[in-house]
Amino acid sequence: MSFYIIRHLPTPWNLEKKLQGTKDISITPPDTNTLNKIKQNLKVFESIDFDHVLVSQLKRTRETAKQYGYSTVEEEPLINELNFGEFEGKSKAQMLSKVGDDWYEDATKLILGETLLNFEHRMFLFNEKYKNKTVLIFAHGAVTRALIALSEDNTIKTMNKREVQNNSLTIIH
(Lines give C-alpha, C1' and ligand atoms only; values in the text may rest on other atoms or scores of the structure.)
Protein backbone atom coordinates (compact mmCIF):
# COMPACT_ATOMS: atom_id res chain seq x y z
CA MET A 1 0.00 0.00 0.00
CA SER A 2 1.24 3.42 -0.94
CA PHE A 3 -1.07 6.36 -0.47
CA TYR A 4 -0.08 9.79 -1.80
CA ILE A 5 -2.66 12.15 -0.33
CA ILE A 6 -3.15 15.76 -1.36
CA ARG A 7 -5.48 17.76 0.83
CA HIS A 8 -7.67 19.88 -1.44
CA LEU A 9 -6.72 23.46 -2.28
CA PRO A 10 -8.13 26.22 -0.04
CA THR A 11 -11.77 27.21 -0.28
CA PRO A 12 -13.31 30.49 0.88
CA TRP A 13 -14.43 28.67 4.06
CA ASN A 14 -10.89 27.46 4.74
CA LEU A 15 -9.71 31.06 4.50
CA GLU A 16 -12.49 32.09 6.92
CA LYS A 17 -11.57 29.16 9.25
CA LYS A 18 -15.03 27.59 8.93
CA LEU A 19 -15.65 23.84 9.11
CA GLN A 20 -16.86 22.56 5.75
CA GLY A 21 -17.55 18.88 6.18
CA THR A 22 -20.07 17.73 3.60
CA LYS A 23 -20.84 21.21 2.23
CA ASP A 24 -19.91 21.21 -1.46
CA ILE A 25 -17.70 24.29 -1.75
CA SER A 26 -15.39 25.20 -4.64
CA ILE A 27 -11.72 26.04 -4.25
CA THR A 28 -10.43 29.59 -4.52
CA PRO A 29 -8.37 30.49 -7.58
CA PRO A 30 -4.80 29.34 -6.87
CA ASP A 31 -2.26 32.06 -6.13
CA THR A 32 1.45 31.92 -7.03
CA ASN A 33 2.43 30.17 -3.79
CA THR A 34 -0.23 27.52 -4.31
CA LEU A 35 0.87 26.93 -7.91
CA ASN A 36 4.50 26.60 -6.79
CA LYS A 37 3.49 24.07 -4.13
CA ILE A 38 1.60 22.08 -6.77
CA LYS A 39 4.80 21.94 -8.87
CA GLN A 40 6.80 20.76 -5.83
CA ASN A 41 4.27 18.04 -5.03
CA LEU A 42 4.12 16.87 -8.65
CA LYS A 43 7.90 16.36 -8.67
CA VAL A 44 7.58 13.90 -5.77
CA PHE A 45 5.35 11.53 -7.69
CA GLU A 46 6.15 12.31 -11.35
CA SER A 47 7.65 8.85 -12.01
CA ILE A 48 5.03 6.88 -10.07
CA ASP A 49 2.51 4.77 -11.96
CA PHE A 50 -0.64 5.07 -9.85
CA ASP A 51 -3.15 2.24 -9.85
CA HIS A 52 -5.89 4.75 -9.02
CA VAL A 53 -6.34 8.52 -8.86
CA LEU A 54 -9.20 9.14 -6.44
CA VAL A 55 -11.38 12.08 -5.46
CA SER A 56 -14.27 12.32 -3.02
CA GLN A 57 -17.78 13.20 -4.13
CA LEU A 58 -17.18 16.84 -3.15
CA LYS A 59 -16.16 19.20 -5.94
CA ARG A 60 -13.22 20.74 -4.09
CA THR A 61 -11.25 17.49 -4.48
CA ARG A 62 -12.08 17.15 -8.19
CA GLU A 63 -11.16 20.83 -8.75
CA THR A 64 -7.86 20.24 -6.94
CA ALA A 65 -7.13 17.17 -9.07
CA LYS A 66 -7.69 19.32 -12.19
CA GLN A 67 -5.22 21.91 -10.92
CA TYR A 68 -2.72 19.05 -10.63
CA GLY A 69 -3.41 18.05 -14.23
CA TYR A 70 -5.65 15.06 -13.49
CA SER A 71 -8.94 15.29 -15.36
CA THR A 72 -9.58 11.54 -15.41
CA VAL A 73 -10.21 10.48 -11.82
CA GLU A 74 -12.32 7.96 -9.92
CA GLU A 75 -14.90 9.13 -7.40
CA GLU A 76 -14.59 7.25 -4.09
CA PRO A 77 -17.38 7.88 -1.53
CA LEU A 78 -15.35 6.26 1.26
CA ILE A 79 -13.10 9.34 1.32
CA ASN A 80 -15.90 11.89 1.61
CA GLU A 81 -15.14 14.38 4.34
CA LEU A 82 -16.38 13.87 7.88
CA ASN A 83 -19.90 15.18 8.36
CA PHE A 84 -19.65 17.91 11.01
CA GLY A 85 -23.44 18.23 11.33
CA GLU A 86 -24.55 21.41 13.08
CA PHE A 87 -20.97 22.74 13.02
CA GLU A 88 -20.65 22.98 9.24
CA GLY A 89 -20.17 26.64 8.42
CA LYS A 90 -19.10 27.39 11.99
CA SER A 91 -15.64 27.84 13.45
CA LYS A 92 -13.59 25.04 14.94
CA ALA A 93 -13.61 27.01 18.22
CA GLN A 94 -17.41 26.85 18.31
CA MET A 95 -17.30 23.09 17.81
CA LEU A 96 -14.58 22.62 20.44
CA SER A 97 -16.59 24.59 23.00
CA LYS A 98 -19.29 21.94 22.71
CA VAL A 99 -17.35 18.68 22.16
CA GLY A 100 -14.42 19.45 24.47
CA ASP A 101 -11.21 17.46 24.82
CA ASP A 102 -12.61 14.34 23.14
CA TRP A 103 -11.82 16.00 19.80
CA TYR A 104 -8.11 15.57 20.58
CA GLU A 105 -8.05 12.71 23.08
CA ASP A 106 -10.63 10.21 21.75
CA ALA A 107 -12.43 11.28 18.60
CA THR A 108 -14.24 7.93 18.45
CA LYS A 109 -16.49 9.10 21.33
CA LEU A 110 -17.96 11.92 19.24
CA ILE A 111 -21.18 12.13 17.29
CA LEU A 112 -21.30 15.08 14.92
CA GLY A 113 -23.26 14.72 11.67
CA GLU A 114 -22.06 11.11 11.73
CA THR A 115 -20.46 9.13 14.50
CA LEU A 116 -16.69 9.12 14.49
CA LEU A 117 -16.87 5.34 14.89
CA ASN A 118 -18.69 5.23 11.54
CA PHE A 119 -16.06 7.53 10.05
CA GLU A 120 -13.31 5.26 11.38
CA HIS A 121 -15.10 2.27 9.84
CA ARG A 122 -15.13 4.06 6.44
CA MET A 123 -11.39 4.63 6.72
CA PHE A 124 -10.79 0.95 7.57
CA LEU A 125 -12.89 -0.05 4.54
CA PHE A 126 -10.88 2.31 2.37
CA ASN A 127 -7.58 0.86 3.62
CA GLU A 128 -8.81 -2.66 2.94
CA LYS A 129 -10.08 -1.83 -0.55
CA TYR A 130 -6.79 -0.25 -1.66
CA LYS A 131 -4.28 -2.10 0.55
CA ASN A 132 -2.24 -3.58 -2.32
CA LYS A 133 -2.34 -0.50 -4.53
CA THR A 134 -0.42 2.67 -5.21
CA VAL A 135 -3.00 5.42 -5.02
CA LEU A 136 -3.04 9.18 -5.53
CA ILE A 137 -5.82 10.60 -3.36
CA PHE A 138 -7.27 14.09 -3.46
CA ALA A 139 -8.99 14.27 -0.10
CA HIS A 140 -9.89 16.32 2.96
CA GLY A 141 -8.33 17.26 6.28
CA ALA A 142 -10.18 14.78 8.50
CA VAL A 143 -9.74 11.97 5.98
CA THR A 144 -6.00 12.60 5.75
CA ARG A 145 -5.58 12.81 9.53
CA ALA A 146 -7.62 9.62 9.97
CA LEU A 147 -5.56 7.68 7.42
CA ILE A 148 -2.33 8.83 9.10
CA ALA A 149 -3.66 7.82 12.52
CA LEU A 150 -4.79 4.41 11.27
CA SER A 151 -1.38 3.76 9.73
CA GLU A 152 0.40 4.72 12.96
CA ASP A 153 -2.03 3.67 15.71
CA ASN A 154 -4.66 1.43 14.05
CA THR A 155 -7.36 3.79 15.39
CA ILE A 156 -8.48 7.36 14.75
CA LYS A 157 -8.78 8.23 18.45
CA THR A 158 -6.00 10.84 18.36
CA MET A 159 -6.25 11.81 14.69
CA ASN A 160 -6.96 15.43 15.62
CA LYS A 161 -3.59 15.89 17.28
CA ARG A 162 -2.23 16.12 13.73
CA GLU A 163 -2.29 19.15 11.49
CA VAL A 164 -2.72 18.86 7.71
CA GLN A 165 -2.58 22.03 5.62
CA ASN A 166 -4.44 22.62 2.37
CA ASN A 167 -2.41 21.50 -0.65
CA SER A 168 -0.04 19.45 1.50
CA LEU A 169 1.25 16.07 0.38
CA THR A 170 1.10 13.16 2.85
CA ILE A 171 2.69 9.83 1.95
CA ILE A 172 1.69 6.62 3.74
CA HIS A 173 3.44 3.31 3.01
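**Exercise 1. The strands of the sheet**

In this predicted model, strands β2 and β3 pair in the parallel sense over two bridges; work out how the sheet is built around β2, and which strands form its edges.

*Solution.* Begin with the pairing of β2 and β3, within which Val55 stands opposite Glu75 in β3. Next, turn to the pairing of β2 with strand β4 (residues 134–139), which is also in the parallel sense and runs over four bridges, with Leu54 standing opposite Ile137 in β4. Then consider β1 and β5, which run antiparallel and are joined by four bridges; here Ile6 stands opposite Leu169 in β5. Putting these steps into one picture, we find that five strands form an open sheet in the order β3-β2-β4-β1-β5, with mixed pairing. The edge strands are β3 and β5, each of which pairs on one side only.

**Exercise 2. The side chains of β2**

Determine which way the residues of strand β2 (residues 52–55) point, and whether they are buried or exposed.

*Solution.* Start from the general pattern, in which the side chains of a regular strand alternate between the two faces of the sheet. In β2, His52 and Leu54 point one way, whereas Val53 and Val55 point the other way. The last step is to look at burial, and all of these residues turn out to be buried.

**Exercise 3. The two sides of helix α2**

Describe helix α2 (residues 32–44), and explain on which side its buried residues lie.

*Solution.* First take the length: α2 has 13 residues and reaches 19 Å from its first C-alpha to its last, which is close to the 18 Å expected at 1.5 Å a residue. Second, list the buried residues of α2, which are Thr34, Ile38 and Asn41. Because these residues cover an arc of only 70 degrees around the axis, they are on the same side of α2. This spacing agrees with a general rule: an α-helix has 3.6 residues a turn, so residues three or four places apart point the same way. Third, look at the other side of α2, where Thr32, Asn33, Lys39 and Lys43 are exposed. Fourth, ask what covers the buried residues of α2; the elements that do so include β1 (2–7), α3 and β5. Finally, examine the N-terminal end of α2, which is capped by Asp31, with a side-chain oxygen 3.3 Å from the backbone nitrogen of Asn33.

**Exercise 4. Salt bridges and what they connect**

Find out which parts of the chain are tied together by the salt bridge between Arg62 and Glu75, and then examine other salt bridges in the model.

*Solution.* Recall that side chains of opposite charge can pair when their charged atoms come close. The side chains of Arg62 and Glu75 form a salt bridge with an N to O distance of 3.0 Å. Since Arg62 lies in helix α3 (residues 59–67) and Glu75 in strand β3 (residues 74–75), the pair ties together parts that are 13 residues apart in sequence. Both ends are partly exposed, with relative accessible areas of 30% for Arg62 and 42% for Glu75.

The next step is the salt bridge between Glu105 and Lys161, whose N to O distance is 3.3 Å. This pair links distant parts of the chain, as Glu105 is in helix α5 (residues 102–105) and Lys161 in the loop between α7 (141–153) and β5 (169–172), 56 residues apart.

Lys18 and Glu16 also meet in a salt bridge, at 3.0 Å from N to O, while Glu152, Asp153 and Arg162 are linked in a network of salt bridges. Altogether, the count comes to nine salt bridges.

Definitions and conventions. Residues are numbered from 1 along each chain as its sequence is written. This is a predicted model: local features need pLDDT of at least 70, side-chain atom pairs count only at pLDDT 80 or more; totals for chains, interfaces and linings use all residues. Side-chain values use heavy atoms; hydrogens and water are left out. A salt bridge is a side-chain nitrogen of Lys or Arg within 4 Å of a carboxyl oxygen of Asp or Glu. Buried means under 20% relative accessible area, exposed over 50%, partly exposed in between (1.4 Å probe, protein chains only). The expected span of a helix is 1.5 Å times one less than its number of residues. The arc is that of the directions from the helix axis to the C-beta atoms. Contact means heavy atoms within 4.5 Å. A polar contact is a pair of N or O atoms within 3.5 Å; within protein, one must be able to donate a hydrogen and the other to accept it, and residues adjacent in sequence count only if both atoms are side-chain atoms. Two strands pair if DSSP finds at least two bridges between them.
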